[in-house]
Amino acid sequence: MSTDPPTAARPGAAQTPTGSIRTPRQRLGSWVMPALRPWRLMLALKVAIAATAAWFLGSLLPGELGEFSYYAPLGALVSLTPTLMDSVRSSIQTLVGLGLGIGLAWALIVSPAPGWVSVALSVGLGTLLAGLPGLGQGRDYVPIAALFVIIIGGANANDFSAGYLVQMALGVLVGLLVNLLIMPPLFVRESAAGIAAARARMVDALRSMANTMRAEETPSPDDPPAWDAALSTIRHDIDAARRLVRDAAESRRANPRTRWNKHDFRGDEGALAALERIAPAVVDIGDALRAALWGIPVPVRLGPEVRSTLAEALDAAADLVDAAIDDERLPEALRTADQALVALRSAVRSAHVDAVNRAAAQTDSDEEPPADPADDPGGENLLFSLRRIYAEVESSKRTDRSE
């Protein structure tokens with residue numbers, strides 16, 4: 001037998017929401033890896049290329065305009081975002097914000113206000129204008145542009161304003177072209193991975209519940225099985241998958257790569273919609289099992305026969321959730337789940353008949369009835385939630401075929 005201390009007792013180890021243990025190296029890796037994802041590395045490369053090209057082209061502009069070429073790389077930087085449509089949107093918003101800021105600065109320049117008042121008003125009024133709806137990323141540039149024109153432009157505000165705006169616009173244009181021509185990102189793999197992770201969490205939770213029902217000993221609430229912790233993260237997984245699917249939809253807009261990318265994006269949306277409807281049922285099952293195991297929040301009794309058939313139904317539900325909408329295993333999983341639900345329904349009804357007979361016998365023998373009405377045999381809510389999972393998967397299958 002190993003004499004190593006338990007992982008939970010190791011200094012610096014941290015527990016994840018699913019109950020697993022992460023070492024400091026793993027935590028550092030989880031913090032660093034998002035910055036090293038392939039699409040972000042590609043974005044960094046494109047930003048570097050666009051900024052360099054914009055600076056070079058900006059220096060070629062004639063007259064006073066070429067003296068402000070250092071603003072062209074900034075324009076390229078603000079225009080480059082992970083998706084094409086977001087790049088176009090943020091670029092337009094930035095140029096509109098710059099235009100508002102420069103216009104505000106000129107209004108203050110031609111006013112009789114002294115310099116220090118103009119500085120204060122440029123920042124204050126610029127911040128107010130930044131609150132206008134629809135400016136998005138450009139709202140930050142309203143007070144900045146106004147302040148730059150007044151302070152940096154000074155007596156040369158005319159040339160500075162023109163150079164600032166033209167160089168930023170040039171950089172924005174270069175950034176958009178680079179983003180379009182060099183591997184515009186398509187986040188379909190990420191969305192599919194997010195859906196798979198959410199599905200796997202539910203499947204693992206359902207299988208863990210089934211194993212708990214088969215176990216001879218009841219787990220302690222102080223050391224709950226894996227499904228108890230997993231239930232608290234299901235909603236987080238669904239929300240994360242929804243964000244990834246939204247990002248994938250955004251990345252497909254105006255993206256030329258969609259012409260030869262054959263990924264079934266509509267299938268991803270349908271699978272996620274099904275998981276969103278199934279997740280509450282899985283959580284409800286967990287709540288009912290807490291009541292059966294530990295009396296939280298109220299005690300519920302599950303007899304041996306109900307427990308054994310419930311374990312089979314939970315395994316069948318896990319197979320249903322695990323099967324994708326177009327999975328070849330789905331028809332067989334549906335048949336198995338239907339049979340398991342029939343068996344569970346019979347066991348639950350039998351348990352209720354036995355409970356009624358016992359209560360009648362106690363009444364006839366003048367024995368005191370159970371003091372806690374919540375100690376009735378349970379199973380209806382579990383049966384309902386499992387039937388809900390079956391219905392949602394079957395409905396998703398019909399919807400997929402109709403499309």
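Start by selecting helix H7: its 25 residues reach 36 Å from the first C-alpha to the last, close to the 36 Å expected at 1.5 Å a residue. Keep in mind as you go that this is a predicted model.

**Stop 1: just past H7**

Now move on to methionine 183, which follows H7. You will find this methionine in the loop between helix H7 (157-181) and helix H8 (188-214). What is the sign of phi at methionine 183? The angle is positive, near 45 degrees, in a residue other than glycine. That is worth a look, because most residues other than glycine have a negative phi. Show the surface here as well: methionine 183 counts as partly exposed, because its relative accessibility is 46%.

**Stop 2: a salt bridge between two helices**

Next, turn to the charged side chains. Side chains of opposite charge can pair when their charged atoms come close. The structure holds 15 salt bridges. Select arginine 290 and aspartate 228 for one of them; their closest N and O atoms are 2.6 Å apart. Which parts of the chain does this pair tie together? Arginine 290 sits in helix H10 (residues 265-294) and aspartate 228 in helix H9 (residues 226-252), so the link joins parts that are 62 residues apart in sequence. Are these two partners buried or exposed? Arginine 290 has 19% relative accessibility and therefore counts as buried. Aspartate 228 is buried too, at 19% relative accessibility; the cut-off for buried is under 20%.

**Stop 3: a salt bridge within H9**

Stay on helix H9 and pick aspartate 239 and arginine 235. These two form a salt bridge, with the closest N and O atoms 3.7 Å apart. The partners are four residues apart in helix H9, so about one helical turn separates them. An α-helix has 3.6 residues a turn, so residues three or four places apart point the same way. Aspartate 239 is partly exposed at 34% relative accessibility, and arginine 235 is partly exposed with a relative accessible area of 41%.

**Stop 4: a salt bridge within H12**

Jump to helix H12 and select glutamate 332 and arginine 335. Their side chains meet in a salt bridge at 2.7 Å, N to O. How many residues apart are glutamate 332 and arginine 335 in helix H12? They are three residues apart, which means a separation of about one helical turn. Glutamate 332 counts as partly exposed at 43% relative accessibility, and arginine 335 counts as partly exposed at 47%.

For a wider view of the charged side chains, select Arg207, Arg214, Glu312, Asp315 and Asp319 together: salt bridges that share partners join them into one network.

**Stop 5: a cavity inside**

Finish in the interior. There are two cavities of 30 Å³ or more, and the one to visit is the second largest, with about 40 Å³ of space. To outline it, select Ala313, Ala316, Ala317, Leu320, Ala337, Ala340, Leu341, Leu386 and Tyr390, which line this second largest cavity. Which helices each supply at least two residues of the lining? They are helix H11 (304-322), helix H12 (330-364) and helix H13 (380-402). H11 gives the largest share of the lining, four residues. Color the lining of the second largest cavity by class and you will see nine nonpolar residues, with no polar and no charged ones.

Methods. Residues are numbered from 1 along each chain as its sequence is written. This is a predicted model: local features need pLDDT of at least 70, side-chain atom pairs count only at pLDDT 80 or more; totals for chains, interfaces and linings use all residues. Side-chain values use heavy atoms; hydrogens and water are left out. Buried means under 20% relative accessible area, exposed over 50%, partly exposed in between (1.4 Å probe, protein chains only). On a 1 Å grid over the protein atoms alone, a cavity is a set of points where a 1.4 Å probe fits but cannot get out, and a pocket is an open set with protein on both sides within 12 Å along at least five of seven lines; lining residues have an atom within 4 Å of a point. Grid points are joined across faces, edges and corners, and a volume is the space filled by probe spheres set on the points. Ala, Val, Leu, Ile, Met, Phe, Trp, Tyr, Cys and Pro count as nonpolar, Asp, Glu, Lys and Arg as charged, and the others, Gly among them, as polar. A salt bridge is a side-chain nitrogen of Lys or Arg within 4 Å of a carboxyl oxygen of Asp or Glu. The expected span of a helix is 1.5 Å times one less than its number of residues.
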